Each structure stands twice: as structure tokens, then as C-alpha cells.
Amino acid sequence: MSILSNLKLVASKKKQGISPVIQRRNKLSNKIYEQIQLAQAQKEGRTYAPTRLKTYVNKQTGERKTIESVKKVREWWHINDSGKINLFCKYGSKQIQFDAKGKNAIEVSNGDELLTALESLKLAVEQGELDQQIEATSGALRAGFLK
């Protein structure tokens with residue numbers, strides 16, 4: 001008992017999980033990171049092809065196999081009629097509305113500004129500035145699954 005008396009003993013309970021708000025932030029932050037990598041790859045003239053593990057069952061043998069497959073990452077931007085780049089942010093399959101007036105895109109003039117806007121957007125998500133917009137988009141996305 002003399003060894004334990006030298007240690008500081010406390011009552012501790014491990015937190016079971018993270019809050020849904022933090023989960024949504026992390027999910028969106030990871031997707032924005034993929035967009036940053038895609039934009040950098042396009043700027044440097046190379047392709048961005050992340051891989052993911054895919055498990056399937058062989059129909060003849062019934063054996064489960066895991067393979068690496070290329071994950072398709074779609075661009076969140078397009079060039080508008082005036083030649084500027086419109087960047088939108090997606091949560092799942094829905095676009096996030098940045099304000100109540102229905103504005104859903106960020107306009108930038110070139111690839112460098114696109115990268116800067118994506119990094120700023122990622123920082124805003126991580127600091128919780130878009131929590132209300134993410135919650136609204138998440139609710140609209142979940143409503144589509146209800147019967």
C-alpha cells in the first residue's frame with residue numbers, strides 16, 4: 001500500500017464519444033481538405049487520386065476480400081459566365097447556404113484565390129463559424145431519408 005500512497009488517485013470516467021456538432025465539423029473539415037488537395041494537384045498539373053479500402057464477397061468462394069480502390073473526388077467549384085470561379089461547399093449531397101439570403105457560393109478570380117478560400121473555409125468550419133449552416137443542411141439531408 002505504500003507504493004499506491006505515493007501516487008495521486010482520482011475518480012475518472014472516460015468520455016464515450018464526441019458530440020454530433022464536433023462530428024459534423026470533422027466530417028466537413030476532412031472533405032474540405034480533400035478539395036484543397038484536389039485544387040493543389042490541378043494547379044501543379046497532376047491528378048489527385050486518394051485510395052480507400054473496399055470489402056467485397058467473392059460469389060464463387062464466399063470469401064471476403066479487401067482491396068484498395070481509387071476514391072473519386074468531385075470538384076466543388078465551376079467557372080461562371082464571367083470567367084470567375086464559383087466555389088460552393090457541400091455537406092453530403094447538399095450545398096451549404098452561407099446566409100439567409102440564399103448565397104451558396106464564394107466567388108474567386110483564380111486558382112491561388114481558390115486555395116486561399118478553401119483554407120479559410122476549413123478554418124471557419126474548425127472554429128465553429130458554420131455550425132448553424134451545417135446543422136440546417138444536415139437536417140435537410142436527414143429529412144430526405146424519412147418516409
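Start by selecting Phe 88 and Ala 105: in this predicted model, Phe 88 stands opposite Ala 105, which belongs to strand 7. Keep Phe 88 highlighted, as this residue leads us into strand 4.

Next, select residues 85-88, which make up strand 4. Turn the view until you can follow the side chains. Ile 85 and Leu 87 point one way, while Asn 86 and Phe 88 point the other way. Are these four residues buried or exposed? All of them are buried.

Now add residues 105-108, and strand 7 comes into view. Strand 4 and strand 7 pair in the antiparallel sense, with 4 bridges between them. Which residue of strand 7 is the bridge partner of Asn 86? Look for Glu 107.

Then move to the other partner and select residues 77-79, which form strand 3. This strand also pairs with strand 4 in the antiparallel sense, here over 3 bridges. Click on Ile 79 to see that this residue stands opposite Ile 85 of strand 4.

Follow the chain from strand 3 to strand 4 and you trace a hairpin with 5 residues between the strands. Pause at Gly 83 in this hairpin, where phi is positive, near 90°.

Finally, show the three strands together. They make an open sheet in the order 3-4-7, with antiparallel pairing. Strand 3 and strand 7 stand at the edges with a single partner strand each, so one side of each has no neighbour in the sheet. Rotate the sheet to look at its twist: on average, neighbouring strands are turned by 25° against each other, direction ignored.

How values were computed
Residues are numbered from 1 along each chain as its sequence is written. This is a predicted model: local features need pLDDT of at least 70, side-chain atom pairs count only at pLDDT 80 or more; totals for chains, interfaces and linings use all residues. Side-chain values use heavy atoms; hydrogens and water are left out. Buried means under 20% relative accessible area, exposed over 50%, partly exposed in between (1.4 Å probe, protein chains only). Helices (H or I, at least four residues) and strands (E, at least two) are DSSP runs, numbered from the N terminus. Two strands pair if DSSP finds at least two bridges between them. Axes are lines fitted to C-alpha atoms, for helices over the stretch in contact, and angles run from 0 to 180 degrees between N-to-C directions.
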